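Here's a quick look at empty space inside a model and greasy spots outside it. Have the viewer open as you read.

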Amino acid sequence: MHRIISVLLLAFSTVINAQDCSFKFTGSILDQHDDSPLSRAIISIEELNATTFSDERGAFSFDNICNGHYTIVVEHAQCKTKMSSIKVKDNTTKILRLEHHYEKLNEVIVSGSGDGFNQTVIKPTLSQEDIALGSNQSLGAMLSKVSGVSGLSSGNSIIKPSIHGLHSSRVTIINAGVRMEDQEWGAEHAPNLDVNQANSIEIIKNASALQYSGDAIGGFVIIKPQRIPIKDTLFGKARWTAQTNGQGGSLHAGMTKSTDFGWYGSLEGTFKGYGDFEAPDYILSNTGMRSNSVAAVIGKNQFKRGIELKYSRVENKIGILRASHLGGAQDQLLALNSEVPLIIRDFTYDIDRPKQEVVHEILSAKGYIKSRVLGKINVRYDYQNNHRLEFDIRRGSDQNKASMDLSLITQSISIDMAPVSNWFSDLKLGLGGRKLQNSSDPNTGVKRLIPDFNRYDLGAYVLAGKALSDDLALEFGARLDYSHIKAFKYYYTALWEERNYGSIYPDFVIEDLGTQTLTQPKFDYLNPSAALGLNWSLNAQSTILLNLALGARNPNPSELFSEGLHHSASRIEIGDLRFTSEISKNISAGYRFQNNKVTFSIHPFLRFIDRFILLEPTGVQQTIRGNFQVWSYRQANVSLAGMDLDARVVLNQDITLETQCALVKSYEVATGTPLINMPPVNAINTVVYQNQNLPAFELRIESDHTWRQNEYPNTNFEAFIPESQSFELVDVSTPPDAYHLMNLEIRGQLKNLGKSKTILSLRVNNCFNVRYRNYLNSLRFYADDLGRNLLLSLTTNF
Amino acid sequence: MQTIWGAIYCCPSQQTFNTIMIKTNNMTILNKTNSIFNSFKSNNMIKFLSISSILFLALSLHSCSDDDTPPEQINEEEVITTLVVTLTADSGQAIELRSQDLDGEGPNEPEITVSDNLAANTMYVGSIQVLNQTVDPAEPIHEEISEESDEHQFFYTQGGNLDLNTAYLDFDSNDHPLGLAFSLTTNTAGQGTMTVTLRHEPLKPNDGTLSGAGGETDISVVFPITVE
């Protein structure tokens with residue numbers, strides 16, 4: 001394989017003949033718009049492997065050049081790379097002009113810098129400042145501020161993003177180029193990453209970002225790290241927060257050093273610590289949390305080639321509301337009937353059982369090289385190690401042992417290219433492979449929630465953009481993913497036989513061990529996906545977007561293999577080996593309008609998901625602990641439709657109004673039954689007051705209204721309650737009432753030294769200490785949501 | 001492409017990937033490859049692509065035992081499979097109330113047996129055993145309950161046409177009721193159900209009712225009882 005590549009490359013390289021080689025090639029690099037000089041541009045002569053920089057006047061020179069034809073590549077941090085053919089004959093001078101400030105235009109125009117994809121969907125982005133002011137938050141909490149994204153939560157320390165009601169395995173999180181593999185199938189498994197490591201966060205609300213994966217039928221969260229310039233500089237950031245609810249805070253600091261030669265290094269860390277949080281009337285006992293994270297990067301970036309090594313580690317220790325840990329139906333009924341949590345203790349910083357402890361490490365090694373024909377070629381290897389421990393209330397010598405000890409090791413390799421093309425303004429190809437190894441430590445003494453398995457993935461994609469005219473641009477992509485999973489699973493023999501798996505999968509059985517049967521399920525999936533999008537600039541102010549996306553997702557290990565009591569949900573869950581991939585067909589449209597007074601965007605969508613895997617109650621099971629509700633997974637065709645709306649109106653020089661609203665409806669096609677856990681309609685309206693005399697001062701008054709979810713499946717059941725010796729209705733489906741929260745924020749920039757920029761912010765959440773429960777919070781059965789919180793934060797960039 | 005396929009297809013074992021070993025492999029193979037390419041014009045592109053091909057190859061050459069050893073079956077020490085309540089009268093007659101669910105939370109329902117009918121107007125001394133019979137010999141979980149008496153309490157409730165009185169005979173270290181030992185006095189004849197409930201970490205002291213005590217239900221068995 002090496003030989004084939006080297007031969008192909010030689011075919012493209014030019015051979016330089018021996019000639020008179022004493023000439024100078026000089027010139028200037030200027031800005032195309034106004035002819036101002038561009039310093040620190042990198043000028044390379046491809047054939048000679050020679051590189052030099054332009055000085056303050058934009059001037060550069062090469063000595064001892066032979067006569068001949070050369071390819072000159074000029075690169076500049078804020079410009080689009082320019083390639084030119086020049087002819088050197090005796091001493092030659094050339095002026096080369098670059099398109100400066102290109103990066104700012106990137107948002108509006110569809111034409112390539114390689115990163116210009118996904119321009120045919122409305123793509124909300126959180127900026128560095130948004131992230132800095134949300135330094136203490138989890139990713140899920142921060143994203144729930146974006147229209148169309150809600151937080152699916154289990155208490156306020158475990159929040160995961162739900163995009164139009166789809167979450168967990170249906171949302172792919174790309175963390176600095178690495179696809180997060182951290183047991184995201186679990187509804188109470190929040191993503192393990194530190195938002196402070198992000199420079200920006202983009203949200204794509206459908207499956208069209210095929211360069212990352214083909215199975216994100218809910219959408220993507222793309223976390224982008226900071227871009228480190230090639231110049232001699234040292235810069236850093238520090239963020240400190242403190243808050244009343246939880247009586248804790250966070251601290252983050254990071255430093256980056258880069259040099260002219262291209263070497264750079266960066267180190268950052270975060271610590272967060274909170275005690276029990278509070279609802280308006282009582283302490284939420286055992287809801288404290290601790291989190292720490294560290295990230296280090298070292299690399300060398302020389303425009304034409306680069307290499308980087310990165311390590312990050314995030315550790316979270318999260319307390320789960322003590323009162324939410326229950327036995328079966330009779331305990332659930334007691335909890336539901338109680339106005340307050342059944343266990344309320346005094347405030348403490350201690351985190352006791354039940355709790356989760358998760359460590360996620362990522363080690364990435366990547367390199368890139370720019371070639372004339374193949375464009376920029378990126379190669380990367382990533383190693384992820386996710387270790388999740390969940391502690392329940394146990395008895396005797398097992399008291400301090402975890403009930404779940406899951407280890408997931410993921411390795412991935414990928415090669416991505418952005419070749420230069422005459423027909424397409426952007427072209428991107430890639431190939432990647434991944435290997436997952438999941439195992440449970442049997443020392444827990446608790447039957448595995450998901451079995452030990454290995455999974456191998458292989459994916460290839462092609463994306464292309466084409467400007468059809470000045471106003472109309474097209475984007476399309478295609479992707480194919482292959483996946484093979486091999487697991488070892490101990491089934492309850494009674495279930496194996498009840499489902500008749502023995503005759504459907506006779507090869508899977510390894511050994512009959514009495515009450516349990518050892519099996520080795522093996523499955524293969526081949527999933528194609530595709531996307532087609534249009535971006536039409538009606539005029540300087542308006543854009544229309546249209547996007548069609550086809551995605552396909554394999555069943556996750558919980559959907560395939562679940563078969564037992566899911567303690568935190570207080571119910572038995574049963575998967576199905578016969579599941580096939582979900583296929584999603586999505587149509588999104590967008591309209592965006594912007595002038596100097598008004599910014600407005602509306603984003604309706606319609607999605608059909610065939611063979612959607614849903615979870616629903618199917619019965620009640622008797623055990624020695626009493627009755628437990630049984631929920632089973634089932635595949636059915638569903639449809640979703642919704643709309644997100646964002647608007648910003650500048651009333652006058654001091655006052656701006658912002659509004660955001662999202663709505664989604666979803667049903668099972670055959671029965672018309674609504675899907676569970678769909679976000680209710682939500683609207684956030686904000687009045688922003690600024691004052692010209694005070695720099696970066698802002699007063700924000702925010703009204704956050706959530707309507708009651710009126711469309712939900714009926715998952716109630718009757719259980720025998722020994723105390724009353726009768727059957728009673730356990731209502732686990734009725735959503736809570738609508739609620740309205742007022743939030744206030746005052747922020748300002750402090751007078752500071754030198755180049756640093758410091759912002760101080762005081763935020764009051766739930767100003768009126770309103771009692772409310774959130775339909776998407778699984779702890780809504782047991783306790784109210786958070787009461788008032790005063791949050792002070794200081795963020796500085798230096 | 002064949003070797004790459006092989007690289008990704010292998011290694012179903014649960015061994016951790018050894019990145020240090022890969023780097024060592026890289027060095028020796030890189031040296032060999034460099035000498036091969038010496039005859040060609042040295043080119044960054046070639047170096048780069050060869051390093052990336054090496055990475056692919058190295059993964060395929062990485063020694064991984066094709067491990068088809070199944071993981072061990074988990075010994076669930078804590079699972080309660082069996083509740084045995086022995087009611088002994090003064091006369092020496094012993095009646096056994098038993099609930100046995102050998103697959104724990106599995107689909108099989110518990111088997112509930114009552115060895116005999118109770119006699120009216122009789123006082124019985126009840127003694128409770130809680131077992132894990134998925135292991136042999138059976139694990140005596142009632143011993144752990146007794147050791148953690150502060151965190152456990154049994155409750156006895158009745159329904160139907162029964163008229164029974166129960167009282168606690170054993171207590172925890174704070175003199176609050178435990179209930180591994182209890183007394184049961186029958187009055188008139190009748191038929192109904194008696195439910196034995198074990199609560200883990202209940203509120204102590206409590207008002208003696210299931211709703212007042214809270215905690216988590218670890219055992220809840222309904223026995224059909226006839227008093228004659």
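What follows covers the cavities and then a nonpolar surface patch.

This is a predicted model, so local features need pLDDT of at least 70 and side-chain atom pairs pLDDT 80 or more, while totals for chains, interfaces and linings use all residues. Residues are numbered from 1 along each chain as its sequence is written, chains are lettered from A, and side-chain values use heavy atoms, leaving out hydrogens and water.

On the inside, there are 18 cavities of 30 Å³ or more (a cavity is a set of points on a 1 Å grid where a 1.4 Å probe fits but cannot get out, and lining residues have an atom within 4 Å of a point). The largest holds about 170 Å³, the volume being the space filled by probe spheres set on the points. Its lining runs to 20 residues, and Ser138(A), Pro191(A), Leu193(A), Lys272(A) and Asn316(A) sit nearest the centre. By class, that's nine nonpolar, nine polar and two charged residues. β20(A) is the top contributor, with four residues.

These elements each give at least two residues to one of the two features (strands are DSSP E runs of at least two residues, helices H or I runs of at least four):

| Feature | Elements of chain A |
|---|---|
| Largest cavity | α4 (139-143), β17 (263-274), β20 (289-301), β21 (305-319) |
| Nonpolar patch | β42 (739-750), β43 (757-765), β44 (789-797) |

Outside, the nonpolar patch has about 690 Å² of accessible area together, with Trp240(A), Ile746(A) and Leu790(A) among its members (patch residues have over 30% relative accessible area and no salt bridge, with nonpolar side chains joined within 5 Å; a salt bridge puts a Lys or Arg side-chain nitrogen within 4 Å of an Asp or Glu carboxyl oxygen). β44(A) gives the most, three residues. Leu790(A), in that strand, counts as partly exposed because its relative accessibility is 36%, between the 20% and 50% cut-offs for buried and exposed.

Technical notes
1 Å grid on protein atoms, 1.4 Å probe; cavity = no way out; pocket = protein on both sides within 12 Å on 5 of 7 lines; lining within 4 Å. Nonpolar A, V, L, I, M, F, W, Y, C, P; charged D, E, K, R; others polar. Patch = residues over 30% accessible without salt bridge, like charges linked within 9 Å, V, L, I, M, F, W, Y side chains within 5 Å. Areas by Shrake-Rupley, 256 points an atom, 1.4 Å probe, with all protein chains shown as cover. Buried < 20%, exposed > 50% of the residue type's maximum accessible area, 1.4 Å probe, protein only.
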